[in-house]
Amino acid sequence: MYHFFVSPEQISKTEAVITGSDVNHIVNVLRMKIGEKIVVSDKNGASYCCEISEMSKSAVTARILDGQVSDSELPVKITLFQGLPKSDKMELIIQKAVELGAYRIVPVEMARCVVKLDGKKKAAKAARWQTIAESAAKQSGRGIIPEVGAVMSLSDALEEARKLDMFFVPYECADSVKKFKEKLDCIQPGMSVGIFIGPEGGYEESEIEKAKVAGGEIVSLGKRILRTETAGIAALSVCMFAVETNIE
């Protein structure tokens with residue numbers, strides 16, 4: 001079923017009202033009809049199976065058939081702090097991070113980042129990245145739309161990470177994956193977790209030292225060198241698997 005997001009105030013006990021650009025998408029692109037079923041989420045994690053009951057140029061009203069049907073959110077809030085990559089790699093990273101359950105994605109400027117964004121480019125990129133996050137959330141059946149944060153310096157990102165229950169810094173010079181596994185086994189529902197991923201050129205040693213001082217766990221993702229767009233996906237995958245198996 002097609003999936004749409006609305007604000008909490010647009011959902012009552014009996015119906016959901018869809019407005020904005022999704023109305024045109026439903027009516028003119030998908031050419032949906034009254035009686036067709038859709039999933040509507042309130043951006044806070046609750047999703048409902050609904051049936052379209054009314055359609056106009058400005059709104060689509062759907063009758064709620066069932067209570068909450070989505071249990072797609074991880075019980076842990078994971079923030080991906082991604083070193084800015086070249087070209088359009090950030091779009092792929094955001095898409096896959098959302099599919100894997102990330103709660104938030106934060107682009108980070110690091111010493112070896114090739115990409116340098118000015119104010120206008122940052123604003124344009126932010127809007128584009130948030131659109132990609134919303135699309136990925138719909139496709140993967142998420143109950144929320146993960147936020148893509150503003151581009152941060154590494155220092156600011158580490159300050160944010162200090163507020164989390166724990167955060168990991170995968171690094172090619174770390175010894176083994178055993179430490180990562182041991183820490184993952186300690187994650188419990190309700191915790192907040194961060195994952196830092198370096199850009200194409202990797203981290204400078206001084207950045208790793210700053211991460212250690214901030215309380216970061218320096219870990220390994222294995223014996224192979226991963227591209228920046230692969231490393232985040234790999235780290236999120238093992239986190240997702242560990243979190244979901246820890247609560248079974």
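Which residues point one way from strand 11, and which the other way? The views below start from this strand, and the model they show is predicted.

**View 1. Strand 11 is mostly covered.**
Strand 11 spans residues 192–197, and six of its six residues are buried. Ser192, Gly194 and Phe196 point one way from the strand, while Val193, Ile195 and Ile197 point the other way. Residues of both groups are buried.

**View 2. Strand 11 pairs with strand 6 and with strand 10.**
Strand 6, residues 77–83, runs parallel to strand 11, and the two pair over six bridges. Within this pairing, Ile78 has Val193 of strand 11 as its bridge partner. Strand 10, residues 166–170, also pairs with strand 11 in the parallel sense, over three bridges. Here Met166 has Val193 as its bridge partner in strand 11.

**View 3. Phe196 belongs to the largest nonpolar core.**
This core has 60 residues, and the members that touch the most others are Ile94, Ile187 and Phe196. Helix 7, residues 228–246, gives the most to the core, with six residues. In soluble globular proteins, nonpolar side chains tend to be buried together. Leaving out residues up to four places away in sequence, Phe196 touches Phe81, Met110, Leu154, Ala157, Leu158, Ala161, Phe167, Phe168, Val169, Pro170 and Tyr203. A second core of 17 residues is separate, and Phe4, Val6, Ile26 and Cys50 are among its members.

**View 4. Glu207 is buried and has no salt bridge.**
Glu207 sits in helix 6, which covers residues 205–213. The nearest side chain of opposite charge belongs to Arg112, 6.1 Å away. A salt bridge needs a nitrogen within 4 Å of a carboxyl oxygen, so Arg112 at 6.1 Å does not form one with Glu207. The side chain of Glu207 instead reaches the backbone nitrogen of Ala111, at 2.8 Å. With neighbours within four places in sequence left aside, Glu207 is in contact with Met110, Ala111, Leu154 and Gly202.

**View 5. Lys37 and Glu51 form a salt bridge.**
The whole structure holds 17 salt bridges. In the one between Lys37 and Glu51, the closest N and O atoms are 3.9 Å apart. Lys37 lies in strand 3 (residues 37–41) and Glu51 in strand 4 (residues 47–55), so the bridge ties together parts that are 14 residues apart in sequence. Lys37 counts as partly exposed because its relative accessibility is 42%.

**View 6. Glu229 and Lys89 form a salt bridge between distant parts of the chain.**
The closest N and O atoms of this pair are 3.8 Å apart. Glu229 is in helix 7 and Lys89 is in helix 2 (residues 89–99), with their positions 140 residues apart in sequence. Glu229 counts as buried because its relative accessible area is 14%.

**View 7. Lys138 and Glu134 form a salt bridge in helix 3.**
The N to O distance of this bridge is 3.6 Å. Both residues lie in helix 3 (residues 119–140), four residues apart, which is about one turn of the helix. Lys138 has a relative accessibility of 22% and so counts as partly exposed. Glu134, with a relative accessible area of 28%, is also partly exposed. Asp22 joins Glu134 and Lys138 in a network of salt bridges.

Conventions. Residues are numbered from 1 along each chain as its sequence is written. This is a predicted model: local features need pLDDT of at least 70, side-chain atom pairs count only at pLDDT 80 or more; totals for chains, interfaces and linings use all residues. Side-chain values use heavy atoms; hydrogens and water are left out. Buried means under 20% relative accessible area, exposed over 50%, partly exposed in between (1.4 Å probe, protein chains only). Lys and Arg count as positive and Asp and Glu as negative; His and the chain ends are not counted. A polar contact is a pair of N or O atoms within 3.5 Å; within protein, one must be able to donate a hydrogen and the other to accept it, and residues adjacent in sequence count only if both atoms are side-chain atoms. Contact means heavy atoms within 4.5 Å. A nonpolar core is a set of buried Ala, Val, Leu, Ile, Met, Phe, Trp, Tyr and Cys residues joined through side-chain atoms within 4.5 Å. Two strands pair if DSSP finds at least two bridges between them.
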